[in-house]
Amino acid sequence: MTKEEMRMKILKAIEHEARVDIHELAIRLGTDEAAIANEMSDMEKEGIICGYLTLIDWDKTDSQTVTALIEVRCTPQRGQGFDTVAERIYKYPEVNSVYLISGGFDLLVTLEGSTLKEIATFVTDKLSAQESILSCATHFILRRYKDHGTILAKKYSDERQLITP
Amino acid sequence: MKNPIADRVSELKPSGIRKFFDIVAEMKDAISLGVGEPDFDTPWHIRDEGIYSLEKGRTFYTSNAGLMPLREEISKYLERRGLPRYDAKKEVLVTVGGSEAIDLACRAMCNPGEEVIIPQPSYVSYEPCAIMAGAVPVVIDLKPENEFRLTAEELEAAITPKTKLLILPFPNNPTGSIMELSDLEAIAEVIEKHDIYVVSDEIYSELTYKEKHISIASLPKMRERTVLINGFSKAFAMTGWRLGYCCGPAEIIQQMTKLHQFCIMCAPTTSQYAAVEALKHGDKDVVEMREAYDQRRRFLMEEFKKMGLPCFEPFGAFYVFPDIREFGMSSDEFCTKLLEEQKVAVVPGTAFGASGEGFVRISYAYSIENLKIALERINIFITELRKK
């Protein structure tokens, strides 16, 4: 297994099981624990691994969190493109993600708030108010069926026969 | 009243697995490591192609041998896997699973009284298929010390002037054993020397974890005496679609197609359309599933090592075949007790032939989480046994 192959295998495994035991992962990949730990810490330093997150279906909790996707059209800045505008947006802690998008608009911003009003205020006061931002279209997420490659909507049970040749 | 049943049918032994299944079925909360099919769903793009074919109203028979585009894709796929070219028109037959192809091959190739050599432990249907074809099964008991591979000496010793066919079941269910190039070269020599034919059941060919699978048909002078059987069940997680195929010399495939035409007509049309998609765009899915199986396989081997349960390292299919002889009970007893005491279902090695005595088949077509729970219980079970 080359270094690159090992890295890809580690990443693929931890992308969906961040809590995997390194000892177990070493067995599964046919290598040793130290090699995996080293590779992971190198990838952390290189910024390849940016964090170990938990996928939560907030809808199943009492939390009333609202998530919005906002399509932002803006004017790029001389010499910096969209970077400065993006930075001014992503520095707000309530902003979850900011992507530069091809097509009909420029930035896609996802935002979390505890109420609709909170999000509305953010869009009117913080986003639209910025000079370089031309327009915002806000979409609220009503239900999450699948997130980060994981189906949240339904759990399927094993329907196979118990014993087959 | 006359006996409604033909003698040759009532004389046929029921599958050993059936008996065990009945016991397991009554135990509602058992954890099973007993299945012989993938735990993955068929990849969505393949299912979608099946659904699309239904929407388009493609609900008619196909030609007896199967859709021409599918046969062409099969031929191309095998070529990509290092096999010689098979003529899609005359040398490829699409069947209802690999199982049908096994039955057709026996019936198309065997005269009454001719012998079919069957290495065991192996899949449950070879022996009955040979018997129903009027042939005489000759069993080779594969040896644990050879990692259940077939050796040239064993083959040579089983051959008589009446031998017609060798069934070659590798990668193997239930042992997980594979045949590497040198193993195949050794038996190919014997096959040619005695002028016998081979039915090579390669349904697990995509699931090998060492070098890539090598088909005996790719060895010199073997293509003309080999019927290669494969299918979509294991490679693409398509068991329920019931779709397999066989390839071989035109004179054999044509006669098999004749039988297929009379008893089956054609393989399910929806499945055939889905299978075209699988062969065209499914390579990536195969790689991902193989990697998942391989991780579980390593995990299982390590757990067995910790438990001190002897097991040779299998490099094929999705089974491990640990040795339980130290406990001084038959495979059947072991499995029944394990089920009763710890509610874990595994399959006795004897379900796959007498030479499976002393072994059990454990399938790793389960998530690591499931495997962990089951292995913990197996560990408790054998620790108790050792205390006694």
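This short presentation covers chain A, the side of chain B that touches it, and one helix of chain B.

Good morning, colleagues. Please keep in mind throughout that this is a predicted model. For chain A, the mean pLDDT is 93, and 100% of the residues score at least 70. Confidence does vary from element to element: helix H3 of chain A, residues 33–45, has the highest mean pLDDT, at 97, whereas strand S6 of chain A, residues 150–151, has the lowest, at 88.

Let me turn to the architecture of chain A. Five helices and six strands make up its elements, and from the N terminus their order is α-α-α-β-α-β-β-α-β-β-β. The radius of gyration of chain A is 21 Å, well over the 15 Å that the globule rule gives for 165 residues, so the chain is more spread out than a compact globule. Along the principal axes, the C-alpha trace of chain A spans about 65 × 45 × 30 Å. Of the 165 residues in this chain, 15% count as buried. As for its contacts with a separation of 6 or more, 55% are between residues 24 or more positions apart.

I now come to the interface. How many residues of chain B are in contact with chain A? There are 20, and they meet 11 residues of chain A. On the chain B side, the elements that give two or more residues are helix H2, residues 16–26, and helix H11, residues 283–307. H2(B) provides the largest share of that side, with 5 residues. By character, the chain B side divides into 12 nonpolar, 5 polar and 3 charged residues.

Finally, I would draw your attention to helix H12 of chain B, residues 331–342. This helix has 12 residues, and from first C-alpha to last it reaches 16 Å, close to the 16 Å expected at 1.5 Å a residue. Which residues of H12(B) are buried? They are B:Ser331, B:Phe334, B:Cys335, B:Leu338 and B:Leu339. These buried residues cover an arc of only 130° around the axis, which puts them on the same side of H12(B). That arrangement fits a general property of the fold: an α-helix has 3.6 residues a turn, so residues three or four places apart point the same way.

What do the buried residues of H12(B) pack against? Their partners in chain B are H2, strand S10 (344–345), strand S11 (347–348), strand S12 (360–363) and helix H13 (368–387). H2(B) therefore appears in both parts of this account, as it also gives 5 residues to the side that touches chain A. Just after H12(B), B:Lys343 takes a positive phi of about 55°. Thank you for your attention.

Terms used: Residues are numbered from 1 along each chain as its sequence is written. Chains are lettered from A and ligands numbered from 1 in the order in which they are written. This is a predicted model: local features need pLDDT of at least 70, side-chain atom pairs count only at pLDDT 80 or more; totals for chains, interfaces and linings use all residues. Helices (H or I, at least four residues) and strands (E, at least two) are DSSP runs, numbered from the N terminus. The radius of gyration is taken over C-alpha atoms; the globule rule is 2.2 Å times the number of residues to the power 0.38. A residue is buried if 20 or more other C-beta atoms lie within 10 Å of its own, exposed if 12 or fewer, and partly exposed in between; C-beta atoms are placed from the backbone. Two residues are in contact if their C-beta atoms, placed from the backbone, lie within 7 Å. pLDDT is the predictor's confidence in each residue, from 0 to 100. Ala, Val, Leu, Ile, Met, Phe, Trp, Tyr, Cys and Pro count as nonpolar, Asp, Glu, Lys and Arg as charged, and the others, Gly among them, as polar. The expected span of a helix is 1.5 Å times one less than its number of residues. The arc is that of the directions from the helix axis to the C-beta atoms.
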